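Here are some exercises to work through with the structure open next to you. Try each task yourself before you read the solution.

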Amino acid sequence: MKKTSVKNILSKILFLVYFLITLQLIKPNKYKNMGFDNEAKDWDKDIKKVERAKIFAEEIIDFIKPAKNMKALEFGCGTGLLSYELKDSFSSITLVDTSSGMIKVLQEKIKRDGIKNFKPFCSNLLEEELKINNFDVIYTLMTLHHILDLDKILQIFNSKLKTNGLLCIADLVKEDGSFHSESTTFDGHNGFDKEELSAILLNHGFEIQSYKICAESERKIDGKIKKYPLFLMIIKKTS
Ligand SMILES: C[S@@+](CC[C@H](N)C(=O)[O-])C[C@H]1O[C@@H](n2cnc3c(N)ncnc32)[C@H](O)[C@@H]1O
């Protein structure tokens with residue numbers, strides 16, 4: 001094919017993409033998101049992720065025993081697996097995630113199942129203000145290790161919680177870095193050490209209520225299955 005016709009085709013494709021973006025038929029994700037958009041469609045097909053959400057939901061309900069009028073926020077909700085398990089335990093649940101793909105799948109599920117008490121947002125709380133506050137509970141599953149600036153996110157969680165409100169962090173126990181070894185873009189934490197995380201939380205006006213290893217995640221590393229323990233830490237906002 002001649003050079004000029006290749007150029008012609010490429011410029012037509014570029015024009016079409018630009019046109020579709022203008023029409024909002026293609027929405028480029030404005031946040032960096034480690035490929036979660038691509039994973040969203042098949043996220044719920046992984047039974048281990050569904051089971052993991054169930055385990056943490058049971059633990060959260062057991063500890064908090066939420067009153068039906070309580071408002072919750074899920075940070076890094078993905079397709080909403082954890083909130084689905086908690087949907088009858090709170091009066092309303094605000095769900096935020098930076099992946100537009102994840103939020104799209106969540107919105108489709110909300111519509112399909114006629115869920116009335118979910119408020120989903122594609123948003124990055126670290127960069128823009130979500131004007132909903134006074135939550136009784138904030139929970140987050142496997143997301144905090146993606147957040148490099150812990151001080152900033154904990155400050156935000158604190159400001160969004162009522163006094164005596166609870167923060168539930170479900171995440172990876174400190175690991176050797178192999179969990180994200182296949183990713184070239186991961187720039188978060190290799191899990192969390194209980195004492196180190198507790199010290200940071202204390203600095204942000206939180207008091208540790210409970211810590212428990214509740215589940216594990218698996219990855220195939222160099223052809224072998226490696227297990228990664230997951231903890232649930234429940235923390236109270238005291239100031
Ligand atoms: C490992 S997935 C966990 C999803 C879900 N919590 C679950 O367990 O099925 C991490 C999620 O965090 C989201 N995420 C990463 N950084 C975020 C941020 N700054 N704000 C909100 N969500 C974020 C990703 O888009 C992704 O959906």
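**Exercise 1: the shell around the ligand**

How many nonpolar, polar and charged residues does the shell around the ligand have?

Solution. One thing to keep in mind throughout: this is a predicted model.
- Step 1. Sort the shell by class: you get 13 nonpolar, 8 polar and 2 charged residues.
- Step 2. Look at the shell as a whole: 23 residues surround the ligand, and the closest are Phe36, Gly76, Gly78, Ser99 and Thr143.
- Step 3. Now ask where the shell comes from: α3, α4 (81–86) and β2 are the elements that give two or more residues to it.

**Exercise 2: the overall layout**

Describe the protein from its secondary structure to its domains.

Solution.
- Step 1. Take stock of the elements: the protein has 7 helices and 7 strands.
- Step 2. Walk along the sequence and you'll read α-α-α-β-α-β-α-β-β-α-β-α-β-β.
- Step 3. Check the extent: the C-alpha trace spans about 70 × 45 × 35 Å along its principal axes.
- Step 4. Split the chain up: the domain assignment gives domain 1 (1–29) and domain 2 (31–237). Their C-alpha centres lie 37 Å apart.
- Step 5. Look at burial and contacts: 31% of the 239 residues count as buried. Of the contacts with a separation of 6 or more, 68% come from residues 24 or more positions apart.

**Exercise 3: the sheet**

Find the strand order of the sheet, then its edges, then what packs on it.

Solution.
- Step 1. Line up the strands: this is an open sheet of 7 strands with mixed pairing, in the order β3-β2-β1-β4-β5-β7-β6.
- Step 2. Spot the edges: β3 (118–122) and β6 each pair on one side only, which makes them the edge strands.
- Step 3. Check the turn: on average, neighbouring strands are turned by 15° against each other, direction ignored.
- Step 4. Add helices: α6 packs on the sheet and touches β1, β4, β5 and β7, with its direction at about 140° to that of β5. Helix α5 (residues 100–113) lies across β2 (92–97) and β3, running at about 160° to β3.

**Exercise 4: the partners of β7**

Which strands does β7 pair with, and in what sense?

Solution.
- Step 1. Recall the basics: strands of a sheet pair through backbone hydrogen bonds, either parallel or antiparallel.
- Step 2. Take β5 (residues 161–172): this strand pairs with β7 (residues 224–237) in the antiparallel sense over 7 bridges. Here Leu167 stands opposite Ile235, and Leu166 stands opposite Lys236.
- Step 3. Take β6 (residues 206–221): 14 bridges join this strand to β7, and the two run antiparallel. Ile213 stands opposite Phe231 in this pair.
- Step 4. Look at the turn: the hairpin of β6 and β7 has 2 residues between the strands, and Asp222 takes a positive phi near 50° there.

**Exercise 5: two loop residues with positive phi**

Are Lys65 and Met142 exposed or partly exposed, and why?

Solution.
- Step 1. Place Lys65: it lies in the loop between α3 (47–64) and β1 (71–75). Its phi is near 45°, a positive value in a residue other than glycine.
- Step 2. Count its neighbours: Lys65 counts as exposed because it has 8 C-beta neighbours inside 10 Å, and the cut-off for exposed is 12 or fewer.
- Step 3. Place Met142: this residue lies in the loop between β4 (135–141) and α6 (150–160). The phi of Met142 is near 60°, again positive in a residue other than glycine.
- Step 4. Count again: Met142 has 18 C-beta neighbours inside 10 Å, so this residue counts as partly exposed.

How values were computed
Residues are numbered from 1 along each chain as its sequence is written. This is a predicted model: local features need pLDDT of at least 70, side-chain atom pairs count only at pLDDT 80 or more; totals for chains, interfaces and linings use all residues. Helices (H or I, at least four residues) and strands (E, at least two) are DSSP runs, numbered from the N terminus. A residue is buried if 20 or more other C-beta atoms lie within 10 Å of its own, exposed if 12 or fewer, and partly exposed in between; C-beta atoms are placed from the backbone. Domain bounds come from an automatic or database domain assignment. Two strands pair if DSSP finds at least two bridges between them. Axes are lines fitted to C-alpha atoms, for helices over the stretch in contact, and angles run from 0 to 180 degrees between N-to-C directions. Two residues are in contact if their C-beta atoms, placed from the backbone, lie within 7 Å. A residue is near a molecule or strand if its C-beta atom, placed from the backbone, lies within 6 Å of it. Ala, Val, Leu, Ile, Met, Phe, Trp, Tyr, Cys and Pro count as nonpolar, Asp, Glu, Lys and Arg as charged, and the others, Gly among them, as polar.
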